[in-house]
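Here's a quick walk through one structure, meant to be read with the viewer open. Take a look at it first, then come back for the details.

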Amino acid sequence: MNGETSLASFRTTFRFFTQTPALAIGSSILCLIALVSILGPLISPGATTEQHILERLQAPSFKYPFGTDQYGRDLLSRTLLGGRTSLILGVGAVMLGLILGVPIGLFTGYFRGKADEIVMRFMDILLSFPSLLMALLIITALGASMSHAMLAIGVANCPGISRIVRSATLSVRNEEFVLAAEARGESHLYIMASEIFPNILPPTIIEGTIRIGFAMLIGASLSFLGLGVQPPLADWGLMIRDSREYLFLSPWPLIWSGTALGMTIIGFNLFGDGLRDMIGGGE
Amino acid sequence: MDSTVLEIRNLSVHFGSPRGKVQALREVSLEIGPEETLGIAGESGSGKSTLAYAIMRYLSPNGRITQGEIFFMGENLLGKDRSELRRIWGNRIAMVYQDPKSSLNPSKRIGHQIAEVFQIHQSLSAKEAWDRMLGLLSLVNIPDPVFNAEKYPHQLSGGMQQRVIIAMALACGPGLLIMDEPTTGLDVTTQARIIELIDDLKREVKASILYITHDLSVIAQVSDRVGILYAGELVEIGPVERVFHSPSHPYTIGLLGALPRIELEKQFKPIRGKLPDLTEIPPHCIFFPRCDYGEEVCTHQAPQLLRVEEGHLAKCFRWKEAFVARGGKAHLRPLREVRPPGQPILETDHVKKYYSETNTIAKWLGFPIPEVKAVDDVSFHIGEGEVFALVGESGCGKTTLGRVVTKLLRPTAGKVLFYKRRPRREEIFLADEFRRYVQIVFQHPDSSLNPMKKIAAIIERPLKLQGLSKAERSKATLELLELVKLDSGYLERYPKQLSGGEKQRVAIARAFALNPEFIVLDEPVSALDVSIQASIITLLMELKASRDLSFLFISHDLSLVRHIADRIGVMYLGKLCELGEAEKIFYHPYHPYTRALLSSIPVPDPSISNRSIRLEGSVPSAQDPPKGCRFHTRCPSKMGRICEETPPAFIPVGEDHWVACHIPMGNILANSS
């Protein structure tokens, strides 16, 4: 009996993987990267900031499996831990974007009317700036640091998220169960929180997941420009920036950090796309 | 062999699904003779569309024909490859689909779309094709073909679009025409015209027709022979008069009994149970679990089609018993007694509802914003314990009026007054309190329940609003479920696990949870199958009697309204054109629109042929309604200038019977006899 159920559950898992390969690959990549980032200090062979000035820019060897950077720091350790800042930055920025964008989208989509038009025109103005430019603007005003970068990317994400949430809200707004809630005298807050919100959650989550990848990309760009994560912290974007000058002496710092960043972004995108396919197709 | 156009032998179709193989069609055999119309009737899930698609070989990728043969003019269609089939499709077998909008290319003028068929299939020159096209358009009664051929599909009304589709199907003079629900989704007056057209075409174009629909009334009007499909099996087939007058399969008997009929005053009776799961076919009769006449033999053996009489077959061991038990012909019952009118529970006083786009920028810039006059100056009242029906075609404003009455929409002008009855009669005007007493049940079962909530949570919420404790709530929830005849097993389910009828029951339970005194029913059964529809209506009427409620029943289905309404209001383009007691309106309709509407209803009796009063043109836009009487553009008895210039007053023509028409009463009465 037990064997049968585990076999059955194995089958469902197997089917899940074959039917939505994007989701399967995406989630595998993300699991791996999350695992590495969490367990980083335990599995990395050395400290990230320890310099070995005599062993600079080395190619992979037994001592340094990934090689070393221009200060002779172990690239494996730095690559393993560099994901932490990127992930925290990406997830944190999108969270911030959701916290700002979801209520705006929900309110404007629910009440419509004049307030909707005014808020949405304002959002259009924000949306017309490229996200990176927008983030640069905010950081220039506040000063360069990782938390400011997160804030900047979060704010830059807000208009896009609020648009998605608003359109999802609009389509649920006229469903009969919402009218039924109105007809029994529910408060606006209850209708938004309890009737509409659960129904717009799936598209919002999908949107958020895809945006994490892009947020990481902008974060890395900011680090590359020296406006995000500050040295000597290990960060993929920062590693790419540092490796640029020595590219022709040793490509390894660039290869590892670039691959890691690229894989993570692809992972988030695949995961988000797969999620959309699964939820869209399941109905 | 050459006496049949289409012959299907033992056709079975399976669909692959995650739950297993769905056996959508099982061993269906039928034939269609030359110039014969075979009607196939069935409820949703009966496999009727699968049959059409199997003939056309248009099955979706997970569908497979597992056995059987399809012969068209002696050729086996299943043995042909796609290039051979392509020569048959459109040329010799043509299909008319349900939704005209998606069957026409929106970016091409209709004339070109039809002419193209001639150019492709018969290699005619552009000029010849164009001439043939014009001939076709006049064949399907499209006025002014030269002018209308230059129009795009969206510029035509739904009925005209369907005519274009039919013209296209007829283009190459096909031997077989498959029509899949060609009038579903059209208004009743438009439907009547299309049915007339099909009837005329049958004589002019020598084609056989396979007519598929869920609507038995339509089948009775158009077909020569009729087949009844149930759960993928052909359960009865025979000449249309025989099947309708002496149905022999219990399912057919049940279907006809569940059908609301305008010409008979009879109690309709739902079929109990629901459609079986088609992934596991029982070894016994497929209809047995829902059958009233079953006995021992039905539980272990599946019947074959048995001969009832010449050309009339039924798949039932006990068709004789079923036939006898049914008691021959349906009997007329005496008219319902008219309730003495109570005090009004709801009054609307010159209610108007105009919609306009909320385009703030356009408003600032001073552009004119078009207004849609959805409801324009409507006054009526509903008495205590009364069922008031609001009828009209789509776009007449009946749904908007229903929402104004429930205060879901704020009227642009006018007042809605509501009087609560318990504990003592008094007028209510506070919005929140009003909502305790007035509830609404919506049309679409799929959208009226929040898909993210369990049934228990859906029903408990209104109870919580009344401040009941947790224990009281779960007790009351069970009582409400029982009230709508569902058991406690439903509590933990999600809406998508329920069928349409079950969802509608939950929606009713939710409305009743607040103990309302007045309920607006906005087309509560129009999305449901006939057998389910009857059970929901029966339930509603029982609840109304036991709880002493009043209903506002909004519907486009006059046959249904005939069974339950005490008083009726007929709406056209946002205005009431006739209002009065149901019996009076059905027997002595005054307004020309009411009369056209009533005459358009198809009767499920092939011996009654109803040629309807023709309504020309289509419903004008509510953005710019006609001046004077709104109906004058289509009125068959229009009198002249007065109708075009002066809006008619709503005048009494009898006790509690009002009509908005310029025609003097004497003339109307003279015309009607």
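What follows goes through one chain, its contact with a second chain, a helix pair, a sheet and two loop residues.

Before anything else, keep in mind that this is a predicted model.

**Chain A on its own**

Let's start with the make-up of chain A. It's helices throughout as far as secondary structure goes, with 10 helices and 0 strands. Written out along the sequence, the pattern is α-α-α-α-α-α-α-α-α-α. The C-alpha trace of chain A spans about 75 × 65 × 25 Å along its principal axes. Of the 283 residues in chain A, 44% are buried. If you take the contacts in chain A with a separation of 6 or more, 71% of them come from residues 24 or more positions apart.

**Where chain A touches chain B**

The two chains meet through 16 residues of chain A and 20 residues of chain B. On the chain A side, the elements giving two or more residues are helix 4 (113-127), helix 7 (176-183) and helix 8 (188-224). Which of these gives the most to the side of chain A that touches chain B? That would be helix 7 of chain A, with 6 residues. Sorted by class, the side of chain A that touches chain B has 8 charged, 5 nonpolar and 3 polar residues.

**A helix pair inside chain A**

Helix 4 of chain A also packs against helix 6 (residues 146-173) of chain A, at an angle of about 135 degrees and with the axes 8 Å apart. The two helices are therefore oblique to each other, since an angle that is neither under 35 degrees, nor 65 to 115, nor over 145 counts as oblique. Their crossing is left-handed. As for who meets whom, helix 4 of chain A brings A:Met123, A:Leu126 and A:Leu127, while helix 6 of chain A brings A:Pro159, A:Gly160, A:Ser162 and A:Arg163. By class, that contact has 4 nonpolar, 2 polar and 1 charged residues.

**The sheet in chain B**

Over in chain B, 8 strands form an open sheet with mixed pairing, in the order 18-19-20-15-21-22-24-23. Which strands stand at the edges? Strand 18 (438-441) and strand 23 (650-654) of chain B do, and each has a single partner strand, so one side of each is left without a neighbour in the sheet. From one strand to the next, the twist averages 20 degrees.

Further inside that order, strand 15 (residues 387-391) and strand 21 (residues 567-572) of chain B pair in the parallel sense over 4 bridges. If you want a spot to zoom in on, B:Leu390 has B:Gly569 in strand 21 of chain B as its bridge partner.

**Two loop residues with positive phi**

Chain B also has a couple of backbone angles to look at. B:Lys485 has a positive phi although it is not a glycine, and B:Asn515, also a residue other than glycine, has a positive value too. Here they are together:

| Residue | Phi | Loop in chain B |
|---|---|---|
| B:Lys485 | about 65 degrees | between helix 17 (470-483) and helix 18 (500-512) |
| B:Asn515 | near 55 degrees | between helix 18 and strand 19 (518-522) |

Are these residues buried, exposed or in between? B:Lys485 is partly exposed, because it has 13 other C-beta atoms within 10 Å. B:Asn515 is partly exposed as well, with 14 other C-beta atoms within 10 Å. For both calls, the cut-offs are 20 or more such atoms for buried and 12 or fewer for exposed.

Conventions. Residues numbered from 1 in each chain as written. Chains lettered and ligands numbered in written order. Predicted model: local features only at pLDDT ≥ 70, side-chain atom pairs only at ≥ 80, totals over all residues. Contact = placed C-beta atoms within 7 Å. Nonpolar A, V, L, I, M, F, W, Y, C, P; charged D, E, K, R; others polar. Axes fitted to C-alpha atoms, helices over the stretch in contact; angles between N-to-C directions. Left-handed = near helix turned anticlockwise from the far one by under 90°. Pairing = 2+ DSSP bridges.
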